[in-house]
Amino acid sequence: MRIMPEQQARMIVEKDFQISVIDRRIYGSFVEHLGRAVYGGIYEPGHPAADENGFRRDVLDLVRELQVPIVRYPGGNFVSGYHWEDGVGPVENRPRRLDLAWRTTEPNEIGTNEFAQWARKAGAEVNMAVNLGTRGVDAARHLVEYCNHPAGSYWSDLRISHGYREPHGIRTWCLGNEMDGPWQIGSKTAAEYGRLACETAKAMKWVDRSIELVACGSSSRGMKTYAEWEATVLDHTYEHVDYLSLHTYYGNRDNDPANFLARSLDMDAFIKEVSAICDYVKAKKRSRKTMYLSFDEWNVWYHSNEADRKIEPWTVAPPQLEDVYNFEDALVVGCMLITLLKNADRVKIACLAQLVNVIAPIMTENGGPAWRQTIFYPYLHASVYGRGTSLRPIISSPKYDSKDFTDVPYLDAAVVYNEEAEELTLFAVNRHLQEPLRLDCDIRGFADYRVVEHIVLENSDLKAVNTAAEPDRVVPHTGGNAEVRDGIVQTSLAPKSWNVIRLAKPRQD
């Protein structure tokens with residue numbers, strides 16, 4: 001039997017090859033009033049782990065473990081029909097509403113104040129979305145006043161009367177959600193949305209000049225109005241908003257793992273195209289301002305589509321969008337995180353959609369345990385170890401072609417340098433499904449750096465999943481073989497694996 005030589009990849013990492021300082025909000029997430037994200041997810045009074053407010057402590061512990069810096073709320077499609085006033089004041093007086101977005105009944109037990117309270121416990125900021133589907137300028141400016149104005153006005157005093165004397169100080173706000181989508185309540189043309197978003201942005205910033213605003217980009221790269229939508233919306237809003245949103249989800253419906261693992265190339269192209277549109281509008285307006293991006297929905301999503309069609313309408317918190325993620329999904333999420341890091345100069349906010357139960361890294365059973373899905377781990381590693389400056393490595397890798405992509409590098413990698421902590425982290429995915437990938441990474445500019453640990457997420461079964469019964473079937477280990485020899489990190493990356501190689505300068509006692 002002929003033994004094939006090991007595939008070889010090479011990298012060069014230099015301190016001066018900098019992409020950008022990473023905005024910590026790039027590791028954000030998303031909680032929508034959808035399925036069991038709120039009721040049964042973050043909130044379940046009567047659960048053995050519930051605190052005095054009904055929040056599940058086991059879920060809070062997992063969110064803190066992820067070090068989630070910001071959470072988008074309350075939608076998503078839900079926000080386009082939401083009256084925020086329904087979710088404040090005495091709970092017993094709050095109305096039950098039909099949610100047309102997801103054909104469920106919303107009890108409004110959790111609203112603005114409760115979610116802000118939960119976010120503080122989780123150590124996260126709130127990224128608040130306003131309804132520009134059925135509502136507009138007044139509802140949005142009143143919500144800013146309710147949340148952020150200290151006291152002495154109608155809406156701020158109403159907040160105080162509800163038991164929240166201190167303002168929530170919400171910094172980041174989304175101007176609606178996917179307003180180009182025909183599925184969206186109150187969907188609009190680009191010109192209609194652009195005008196409304198512009199006037200809403202002006203009024204919101206007149207209430208609080210410290211806030212930052214995200215305008216809606218296209219719902220996906222596949223929309224017929226893609227690119228034209230971005231250009232038109234920015235033509236109206238460019239000087240009044242700070243970020244433009246992007247959304248994308250990937251799936252493996254054809255059971256083609258090689259093609260699935262290449263999907264992050266589409267994500268990278270999407271980011272670069274939208275950046276180019278932003279720069280076109282900047283040039284057109286002779287503006288000095290650079291428009292940054294908020295990739296505020298991204299993930300794998302396809303497993304639950306068939307089950308969702310069978311859900312009885314108008315129930316409260318049914319099990320919607322509950323994808324059970326497998327090992328190959330974790331690899332794709334790892335590649336998507338790498339893509340965000342490689343575009344850290346333009347992407348300043350990103351939200352893994354979503355956080356609990358709904359297409360989420362954390363799953364729960366009502367009345368039962370919470371556990372980590374497979375995608376939890378690359379998200380955890382990037383959030384915890386990916387703080388600092390994103391560097392631009394020079395990469396040489398063997399490549400392959402798939403159904404939809406050509407020249408797909410087997411090695412997908414990003415590098416983060418934390419100068420203050422004197423730490424260097426290499427994130428790497430070996431996309432090869434059968435063979436290990438030999439990696440030599442030149443780090444001679446980082447004298448005396450040594451491997452602290454080499455974390456590996458690998459599994460022989462691409463379809464392996466974590467469940468309540470088997471929560472640790474897919475978990476990382478620290479048995480990677482990376483070592484530094486003469487300024488070169490040398491390792492063999494296992495087939496179809498996610499790798500985190502942490503290096504640091506020895507401490508001087």
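**Close-up views of two pockets, a buried histidine and a helix**

Seven nonpolar, five polar and seven charged residues make up the lining of the second largest pocket. That pocket is where our tour starts, and everything shown here comes from a predicted model.

**View 1. The second largest pocket and the elements around it.** This pocket holds about 370 Å³ of space. Its lining counts 19 residues, and those nearest the centre are Asp-268, Lys-342, Ile-395, Asp-412 and Ala-413. Two or more lining residues come from each of α8 (264–284), α10 (327–342), β16 (394–396) and β19 (411–418). Helix α8 gives the largest share, with four residues.

**View 2. The largest pocket, with its tryptophans and acids in sight.** Here the space comes to about 600 Å³. Among the 30 lining residues, Asn-77, Trp-102, Glu-178, Trp-183 and Trp-301 are the closest to the centre. By class, the lining splits into 13 nonpolar, nine polar and eight charged residues. Strand β10 supplies the largest share of this lining, three residues.

**View 3. His-247 and its two acidic partners.** Stay with strand β10 for a moment: it spans residues 243–250, and His-247 sits in it. Is His-247 buried or exposed? It counts as buried, because its relative accessibility is 2%, below the 20% cut-off. The side chain of His-247 makes polar contacts with two other side chains: that of Glu-178, at 2.7 Å, and that of Asp-296, at 2.5 Å. Glu-178 may look familiar from the previous view, where it is one of the residues closest to the centre of the largest pocket.

**View 4. The wider surroundings of His-247.** Leaving aside residues up to four places away in sequence, His-247 touches Arg-72, Asn-177, Glu-178, Ser-218, Ser-219, Ser-220, Phe-270, Phe-295, Asp-296 and Glu-297. The list takes in three serines in a row, Ser-218, Ser-219 and Ser-220, and two phenylalanines, Phe-270 and Phe-295.

**View 5. Helix α5 and what its buried residues pack against.** Helix α5 runs over residues 190–207, 18 in number, and reaches 26 Å from its first C-alpha to its last, close to the 26 Å expected at 1.5 Å a residue. Which residues of α5 are buried? They are Ala-190, Tyr-193, Gly-194, Leu-196, Ala-197, Cys-198, Thr-200, Ala-201, Ala-203, Met-204 and Lys-205. An α-helix has 3.6 residues a turn, so residues three or four places apart point the same way. The buried residues of α5 pack against strands β7 (125–130), β8 (172–175) and β9 (212–215), and also against helices α3 (137–148) and α6 (228–237).

Definitions and conventions:
Residues numbered from 1 in each chain as written. Predicted model: local features only at pLDDT ≥ 70, side-chain atom pairs only at ≥ 80, totals over all residues. Heavy atoms only, no water. Buried < 20%, exposed > 50% of the residue type's maximum accessible area, 1.4 Å probe, protein only. Polar contact = N/O pair within 3.5 Å; in protein donor to acceptor, adjacent residues only side chain to side chain. Contact = heavy atoms within 4.5 Å. 1 Å grid on protein atoms, 1.4 Å probe; cavity = no way out; pocket = protein on both sides within 12 Å on 5 of 7 lines; lining within 4 Å. Points joined across faces, edges and corners; volume = space filled by probe spheres on them. Nonpolar A, V, L, I, M, F, W, Y, C, P; charged D, E, K, R; others polar. Expected span 1.5 Å × (residues − 1).
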